[in-house]
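Subject: Structure handover and what was found in it

Dear colleague,

Please find below the structure that I promised to pass on to you. Have a look at it first, and then read the notes that follow with the model open beside you.

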Amino acid sequence: MTSLPRKLELFYDVLSPYSWLGFEVLCRYQNIWNINLHLRPSLIAGIMKSSGNKPPALLPQKGKYMFMDLQHLRKFYQVPLQAPKDFRSVILEKGSLTAMRFLTAVNLENPEMLERVSRELWMRVWSRDEDITEPQSILAAAEKAGLSKEQAKSLLEKCSTDKVKNSLKETTEAACNYGAFGLPIIVVHLDNQFHMLFGSDRIELLAHLLENF
């Protein structure tokens, strides 16, 4: 008898390139590893504030390493990562609140589209150096991912509702309660226990956990 899929949560923000890498690996392997993947859009700014952490790019040596690291990972994972030209403005100043509220709305109303819309927002900010903060940018991403204009506009309108705002806040708080100090985090549920893994470079450890529980 085939065992039931194991529950696995991915908490992510499209502002995080490492979240994109973790996302793509889990999407590729979810059927092979027999996992029930739950995508959990979260706000990295809220997690940083709650944990007292700082973006690695604010520390010169870490920032320099990160850009080099991403170029290696781009080739290894075959994910078209390319840092925005105005990195400080795009990543550190403009943020991702609108984008993550939109993904939260997608998750609530059209969850079957969450993977595709998430990927398209990453493509905009981390591959094509395009905006993800303005309403027209969000709509363009949603339509390119396969949502109709009417669906996209309706979801964008829902971003200002308490339901969506509170849902994003709750998901972000859930990540913090698991111990998050950045993103991505992967939470795997096995034998009535949870295991939190930080970053996109714990895939081998995840495979080990899945094999041995």
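Which elements each supply at least two residues of the lining of the second largest pocket? They are α2, α5 (97–109) and α9 (162–178), and you should keep in mind throughout that this is a predicted model.

Of these helices, α9 gives the most to that lining, with 6 residues. The space in the second largest pocket comes to about 190 Å³, and among the residues that line this pocket are L43, K49, R101, K165, L168 and E173. When the lining is sorted by class, it divides into 4 nonpolar, 3 polar and 5 charged residues.

The largest pocket has a volume of about 880 Å³, and its lining is made up of 34 residues, with Y18, M48, P56, M66 and L183 lying nearest the centre. Two or more residues of this lining come from each of α1 (17–29), α2 (44–51), α3 (60–77) and α4 (87–94), and the largest share, 6 residues, belongs to α3. By class, the lining of the largest pocket holds 21 nonpolar, 6 polar and 7 charged residues. As background to both pockets, rolling a probe the size of a water molecule over the atoms shows where empty space is left.

Turning to the interior, the largest nonpolar core has 70 residues, and those that touch the most other members are L26, V117, L121, W126 and L206. The largest share of this core, 7 residues, is provided by α1. If you would like to follow one core residue in the viewer, select V117, which touches F102, L103, V106, A145 and L147 when residues up to four places away in sequence are not counted.

The strands are also worth a careful look. Strand β1 (residues 6–12) pairs with β2 in the parallel sense, over 7 bridges, and within this pairing L8 stands opposite L37 in β2. In a regular strand the side chains alternate between the two faces of the sheet. Strand β2 (residues 35–41) shows this alternation, since I35, L37, L39 and P41 point to one face and are buried, whereas N36, H38 and R40 point to the other face and are not buried.

Finally, there are some details of the backbone that you may wish to check for yourself. The peptide bond from L183 to P184 is cis, with omega near 5 degrees, and P184 lies in the loop between α9 and β3 (185–190). L183 has already appeared above, as one of the residues nearest the centre of the largest pocket.

Q78 has a positive phi of about 55 degrees, although it is not a glycine, and this residue is found in the loop between α3 and α4. Is Q78 buried or exposed? Its relative accessibility is 63%, and because the cut-off for exposed is over 50%, Q78 counts as exposed.

D129 likewise is a residue other than glycine with a positive phi, near 55 degrees, and it lies in the loop between α6 (114–126) and α7 (135–145). With a relative accessible area of 34%, D129 is partly exposed.

With best wishes

Notes:
Residues are numbered from 1 along each chain as its sequence is written. This is a predicted model: local features need pLDDT of at least 70, side-chain atom pairs count only at pLDDT 80 or more; totals for chains, interfaces and linings use all residues. Side-chain values use heavy atoms; hydrogens and water are left out. On a 1 Å grid over the protein atoms alone, a cavity is a set of points where a 1.4 Å probe fits but cannot get out, and a pocket is an open set with protein on both sides within 12 Å along at least five of seven lines; lining residues have an atom within 4 Å of a point. Grid points are joined across faces, edges and corners, and a volume is the space filled by probe spheres set on the points. Helices (H or I, at least four residues) and strands (E, at least two) are DSSP runs, numbered from the N terminus. Ala, Val, Leu, Ile, Met, Phe, Trp, Tyr, Cys and Pro count as nonpolar, Asp, Glu, Lys and Arg as charged, and the others, Gly among them, as polar. A nonpolar core is a set of buried Ala, Val, Leu, Ile, Met, Phe, Trp, Tyr and Cys residues joined through side-chain atoms within 4.5 Å. Buried means under 20% relative accessible area, exposed over 50%, partly exposed in between (1.4 Å probe, protein chains only). Contact means heavy atoms within 4.5 Å. Two strands pair if DSSP finds at least two bridges between them.
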